[in-house]
Amino acid sequence: MTAEVRRGRRWGALWTLCAWAAAVFFFFPVLWMVLTSFKTEAAAASNPPELFATPTLAQYELVQERGIIPFLINSGTASIVSTLAVLALALPAAYALAIRPVPKWRDVLFFFLSTKMLPAIAALLPIYLVVQWLGMLDNVWTLVVLYTAMNLPLAVWMLRSFLQEVPRAIIEAAQVDGARLPTVLVRVIGPVIMPGVAATALICFIFAWNEFLFAVNLTATRAATAPVFLVGFVTSEGLFLARLCAAATLVSLPVLVAGWLAQDKLVRGLTLGAVK
Amino acid sequence: MTIAPSPPVAAKPSPRGREPEPRRSERWTRRFPLLPALVFTIVVTQLPFVVTLVISTFGWNVLHPDDTAFAGLSNYVTVFTDGRLRAAVLNTVLLTASVVVVSILLGTVLALLLDRRFTGRAIVRTLLIAPFLIMPMASALLWKHVIYNPTYGLISGTVDMIRRLWGDTAPTRVDWVTDYPMTAVVASLVWQWTPFMMLIILAGLQSQSDEVIEAAHVDGAGPWQVFRSITLPHLRRYMELGALLGSIYVVQTFDAVFTITQGGPGTATTNLPYEIYLTMFRKYEYGEAAAAGVVVVIATIVVATFTLRVVSSLFREEMR
């Protein structure tokens with residue numbers, strides 16, 4: 001082994017160590033949240049901080065008693081239904097922008113993107129007034145509609161980028177063989193873009209699940225979602241760290257799992273399909 | 001992972017360039033699948049702005065409903081002369097710029113660390129993206145109460161632990177949020193956005209051609225030289241994309257300000273979304289809030305035009 005190779009190895013080990021240290025540093029708050037959720041309130045507020053205490057499930061029981069379930073159901077309804085609605089609207093739109101493009105498809109695509117840039121806060125007041133006028137305040141379907149609009153541009157861009165990758169040749173070949181449009185869609189295009197559709201759905205789900213601004217201002221007791229539940233958990237007196245961590249862990253879990261499963265596709269979705 | 005090198009079949013320049021102009025009926029069958037999404041988007045995202053525009057010309061406070069009257073541009077005068085709003089604009093710029101710049105720098109470092117084979121690389125990547133996946137509200141509460149708490153927070157606890165090593169047992173009592181409000185908000189957001197930047201820049205690094213780097217090595221270039229003259233220019237577009245997308249999201253920051261500082265102390269961390277929220281739901285000045293909203297939208301359109309140009313240049317490259 002030459003000296004140069006040995007030096008290279010040593011540098012390599014150092015880089016690896018740095019990477020691991022960075023990972024631990026960035027992940028530590030998450031780990032701490034999970035660990036704290038299994039502590040008693042007294043142990044959670046100890047100074048110096050204890051990494052491990054005798055684990056207890058008491059905080060999770062408490063969170064359940066405080067009624068987290070309806071909030072999770074609201075979040076689930078708003079995120080899942082809005083994601084399905086997004087796919088139902090975005091798939092045909094993406095088809096019309098990629099496979100058989102309409103004239104001026106580029107302008108349409110950029111129109112969708114531009115709506116994503118308008119700050120939600122500027123739309124909040126008129127939306128609030130209209131929703132109030134319609135008598136739809138504190139209604140989970142209001143959130144479904146808003147989240148659908150919020151994620152639609154993202155989904156159109158993403159799905160278009162996946163549809164773009166379907167080789168024209170196989171579509172044409174199927175048509176030559178006499179396959180009609182529905183058959184082409186289901187048998188030829190469907191299987192090719194399925195992973196892309198799944199990734200799009202996951203990203204829409206993540207954004208809808210995490211949304212707070214509309215949820216806190218347009219809902220009250222009946223339709224409030226998980227992030228609103230978290231805010232109500234903070235009290236000005238007494239200790240609440242451990243319960244807060246238990247609740248935060250529970251509400252973050254679905255997205256954490258979904259995101260980890262989709263990590264290969266994450267970057268493509270977040271950059272609207274520009275980066276693969 | 002590259003910036004979309006499109007498959008050759010999709011690379012036809014423009015379908016309009018080759019095919020003859022589609023017939024009228026043909027055009028409608030093409031358009032039809034697009035319409036539901038387009039109409040829905042226009043109704044839900046564009047109409048509210050028309051309403052905002054109308055409300056912004058009214059003096060309208062919900063607490064004094066009898067005084068509601070057409071006010072012309074007076075709300076806009078208030079918006080441009082109000083000290084709170086000016087502070088909010090400055091805070092928004094400061095907050096967005098610091099979060100985006102710092103998270104791009106950190107993201108680049110992390111991406112460079114990850115751009116090589118080593119034991120547990122997949123695990124390291126998985127751990128690193130976790131902050132981005134935690135619900136923003138959960139993360140804001142976590143930072144405020146579990147990390148920044150002056151008596152039993154993680155930072156105070158760690159500082160105390162280190163000081164005890166030196167025999168100093170007096171506890172630290174720094175109220176991180178009150179003493180360093182802007183830094184506190186920025187730090188929590190940087191933690192959240194660094195993984196996002198890392199993913200984009202890592203994709204950029206992995207799309208570099210090995211041959212060019214190999215050739216540079218053969219020509220006797222050192223690692224630093226390769227980084228500066230080959231890698232960095234190659235990454236520029238990815239950094240731009242990260243900065244632009246990051247800005248779109250970070251400008252709208254609401255959860256972190258709402259939770260960690262409530263815009264305070266004073267107006268030290270009040271950004272535009274939070275200020276508009278206060279005007280709307282604490283002061284009930286609907287007309288003023290609407291005018292501020294219109295100004296924000298116009299400012300966004302200016303920034304967005306620039307953004308779209310960059311995205312569109314990436315996009316054109318993809319079409320080539």
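This report walks through a predicted model of two chains, A and B.

**How far to trust it**

Let's begin with the scores. The model as a whole gets an ipTM of 0.87 and a pTM of 0.85. Chain B has an average pLDDT of 82, and 89% of its residues reach at least 70. Which elements of chain B have the lowest and the highest mean pLDDT? Helix H1(B), residues 15-18, sits at the bottom with 45, while helix H10(B), residues 181-206, comes out on top with 92. The pLDDT stays below 50 over residues 1-18 of chain B, although this stretch still has 33 contacts in the model beyond near neighbours in sequence. Where pLDDT is low, the predicted coordinates should not be read in detail.

**Chain B as a whole**

Chain B is built with 15 helices and 2 strands. Out of its 320 residues, 40% count as buried. If you take the contacts in chain B with a separation of 6 or more, 73% of them join residues that are 24 or more positions apart.

**Domains in both chains**

Each chain has a domain 1 and a domain 2. Here they are next to each other:

| Chain | Domain 1 | Domain 2 | Distance between C-alpha centres |
|---|---|---|---|
| Chain A | residues 3-59 | residues 65-270 | 32 Å |
| Chain B | residues 49-81 + 285-320 | residues 98-271 | 31 Å |

Notice that domain 1 of chain B is written as two pieces of sequence, 49-81 and 285-320.

In chain A, the centres of the two domains are 32 Å apart. The contact between them uses 10 residues of domain 1 of chain A and 8 residues of domain 2 of chain A. On the domain 1 side, helix H1(A), residues 3-37, and helix H2(A), residues 41-44, each supply at least two residues. H1(A) gives the most, with 4 residues. By class, that side of domain 1 of chain A is made of 4 nonpolar, 4 polar and 2 charged residues.

**Where the chains meet**

How many residues of chain B are in contact with chain A? The count is 89 residues of chain B, facing 84 residues of chain A. Helix H15(B) gives the most to chain B's side, with 14 residues. Sorted by class, chain B's side has 67 nonpolar, 15 polar and 7 charged residues.

Val251(A) lets you look at this meeting of chains from the chain A side. Val251(A) belongs to helix H12(A), residues 241-261. Is Val251(A) buried or exposed? It counts as buried because 25 other C-beta atoms lie within 10 Å, and the cut-off for buried is 20 or more. Setting aside neighbours within four places in sequence, Val251(A) is in contact with Ala226(A) and Leu230(A), and also with Met135(B) and Ala138(B). Leu89(A), on the other hand, is 162 residues from Val251(A) in sequence and 28 Å away in space, C-alpha to C-alpha.

**Two helices, two spans**

Now try a ruler on helix H12(B), residues 223-251. A straight helix of 29 residues would span 42 Å at 1.5 Å a residue, but H12(B) spans only 37 Å between its end C-alpha atoms. H12(B) also bends by about 40° at Leu232(B), with a proline, Pro233(B), following within four residues. The buried residues in H12(B) include Thr231(B), Leu235(B), Tyr238(B), Leu241(B) and Val251(B).

Helix H5(A), residues 105-117, gives another result. Its 13 residues should span 18 Å at 1.5 Å a residue, and the end C-alpha atoms are 19 Å apart, which agrees. Buried in H5(A) are Val108(A), Leu109(A), Phe112(A), Leu113(A), Lys116(A) and Met117(A). An α-helix has 3.6 residues a turn, so residues three or four places apart point the same way. That is a handy idea to keep in mind while you look at H5(A) in the viewer.

**Two positive phi angles**

Most residues other than glycine have a negative phi. Which phi does Gln262(B) have? Gln262(B) has a positive phi, near 50°. You'll find Gln262(B) in the loop between helix H13(B), residues 255-261, and helix H14(B), residues 272-281. Gln262(B) counts as partly exposed because it has 14 C-beta neighbours inside 10 Å.

Tyr284(B) has a positive phi too, near 55°. Tyr284(B) is in the loop between H14(B) and helix H15(B), residues 286-319. With 15 C-beta neighbours inside 10 Å, Tyr284(B) is partly exposed.

Notes
Residues are numbered from 1 along each chain as its sequence is written. Chains are lettered from A and ligands numbered from 1 in the order in which they are written. This is a predicted model: local features need pLDDT of at least 70, side-chain atom pairs count only at pLDDT 80 or more; totals for chains, interfaces and linings use all residues. A residue is buried if 20 or more other C-beta atoms lie within 10 Å of its own, exposed if 12 or fewer, and partly exposed in between; C-beta atoms are placed from the backbone. Two residues are in contact if their C-beta atoms, placed from the backbone, lie within 7 Å. Ala, Val, Leu, Ile, Met, Phe, Trp, Tyr, Cys and Pro count as nonpolar, Asp, Glu, Lys and Arg as charged, and the others, Gly among them, as polar. Domain bounds come from an automatic or database domain assignment. pLDDT is the predictor's confidence in each residue, from 0 to 100. The expected span of a helix is 1.5 Å times one less than its number of residues. The bend at a residue is the angle between axes fitted to the seven residues ending there and the seven starting there.
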